Amino acid sequence: MHNLDRILRECFWDTDFSGDDILDIAAGSDERRKAQVFEKILLNSSHMLRDLELFPAGELRPLLQNYQLPQFNYEHAFRRKNLAEVYYLKSELKIPELQWKR
């Protein structure tokens with residue numbers, strides 16, 4: 001169960017979205033709006049991995065692969081995107097301080 005109130009507070013404080021709006025966009029076919037909601041959750045949610053499950057499982061791969069890291073806040077966005085890629089896509093962990101030492 002998703003805590004839509006928390007998601008709205010953390011990720012959509014600057015919009016007039018409702019919880020139903022987020023659910024509709026995540027399940028909808030408007031790829032541009034879906035990418036915008038995905039980015040807000042990816043960059044701002046305190047429970048990012050759980051909250052990204054708002055999106056249908058088959059759509060997380062293209063959302064992650066198509067997400068372009070911004071110049072502003074690059075390091076923050078890189079780390080969060082990489083964590084989501086490791087969790088959902090079984091990608092390589094690229095954050096040095098989180099890697100196992102050999």
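# Notebook: helix H3, the largest pocket and selected residues

**Entry 1. Phenylalanine 78.** I began with the contacts of phenylalanine 78: leaving aside residues up to four places away in sequence, it touches Leu69, Lys94 and Ile95. I was working on a predicted model throughout. I placed phenylalanine 78 in helix H6. I then took its C-alpha distance to leucine 43, which came to 9.5 Å, with the two positions 35 residues apart in sequence numbering.

**Entry 2. Helix H3.** I turned next to H3, where leucine 43 is listed among the buried residues. The others that I found buried in H3 are Lys34, Val37, Phe38, Ile41 and Leu42. I recalled that an α-helix has 3.6 residues a turn, so residues three or four places apart point the same way. I asked which helices take part in covering the buried residues of H3. The cover includes helix H1 (4-11), helix H2 (19-27), helix H4 (48-51), H5 and helix H6 (74-89).

I also checked the length of H3. It has 14 residues and spans 20 Å from first C-alpha to last, close to the 20 Å expected at 1.5 Å a residue. At the start of H3, I noted that a side-chain oxygen of aspartate 30 comes to within 3.2 Å of the backbone nitrogen of arginine 32.

**Entry 3. The largest pocket.** I looked up the volume of the largest pocket and recorded about 180 Å³. Two elements give two or more residues each to its lining, namely helix H3 (31-44) and helix H5 (57-66). Which of the elements gives the most to this lining? I found that H3 does, with five residues.

I wrote down the lining residues as Glu31, Lys34, Ala35, Phe38, Glu39, Glu59, Pro62, Leu63, Asn66 and Tyr67. Sorted by class, the lining holds five nonpolar, one polar and four charged residues. I noted that Lys34 and Phe38 belong to this lining and are also among the buried residues of H3.

**Entry 4. Aspartate 51 and arginine 6.** From phenylalanine 38 I went to aspartate 51; the two are 13 residues apart in sequence and 9.4 Å apart in space, C-alpha to C-alpha. Aspartate 51 is found in helix H4. Is aspartate 51 buried or exposed? I recorded it as buried, because its relative accessible area is 0%, and the cut-off for buried is under 20%.

Setting aside residues up to four places away in sequence, aspartate 51 touches His2, Arg6, Ile7, Ile41 and Ser45. I therefore followed one of these contacts, to arginine 6 in helix H1. Arginine 6 is buried as well, with a relative accessible area of 8%. With the sequence neighbours again left out, arginine 6 touches Ser45, Ser46, His47 and Asp51. Ser45 is thus listed for arginine 6 and for aspartate 51.

**Entry 5. Positive phi angles.** I ended with backbone angles. Asparagine 73 has a positive phi of about 65°, although it is not a glycine. I located asparagine 73 in the loop between H5 and H6. I classed asparagine 73 as partly exposed because its relative accessible area is 40%.

Lysine 90 is likewise not a glycine and has a positive phi of about 60°. Its place is in the segment after H6. Where asparagine 73 is partly exposed, lysine 90 is exposed, with a relative accessible area of 68%.

How values were computed:
Residues are numbered from 1 along each chain as its sequence is written. This is a predicted model: local features need pLDDT of at least 70, side-chain atom pairs count only at pLDDT 80 or more; totals for chains, interfaces and linings use all residues. Side-chain values use heavy atoms; hydrogens and water are left out. On a 1 Å grid over the protein atoms alone, a cavity is a set of points where a 1.4 Å probe fits but cannot get out, and a pocket is an open set with protein on both sides within 12 Å along at least five of seven lines; lining residues have an atom within 4 Å of a point. Grid points are joined across faces, edges and corners, and a volume is the space filled by probe spheres set on the points. Helices (H or I, at least four residues) and strands (E, at least two) are DSSP runs, numbered from the N terminus. Ala, Val, Leu, Ile, Met, Phe, Trp, Tyr, Cys and Pro count as nonpolar, Asp, Glu, Lys and Arg as charged, and the others, Gly among them, as polar. The expected span of a helix is 1.5 Å times one less than its number of residues. Buried means under 20% relative accessible area, exposed over 50%, partly exposed in between (1.4 Å probe, protein chains only). Contact means heavy atoms within 4.5 Å. A polar contact is a pair of N or O atoms within 3.5 Å; within protein, one must be able to donate a hydrogen and the other to accept it, and residues adjacent in sequence count only if both atoms are side-chain atoms.
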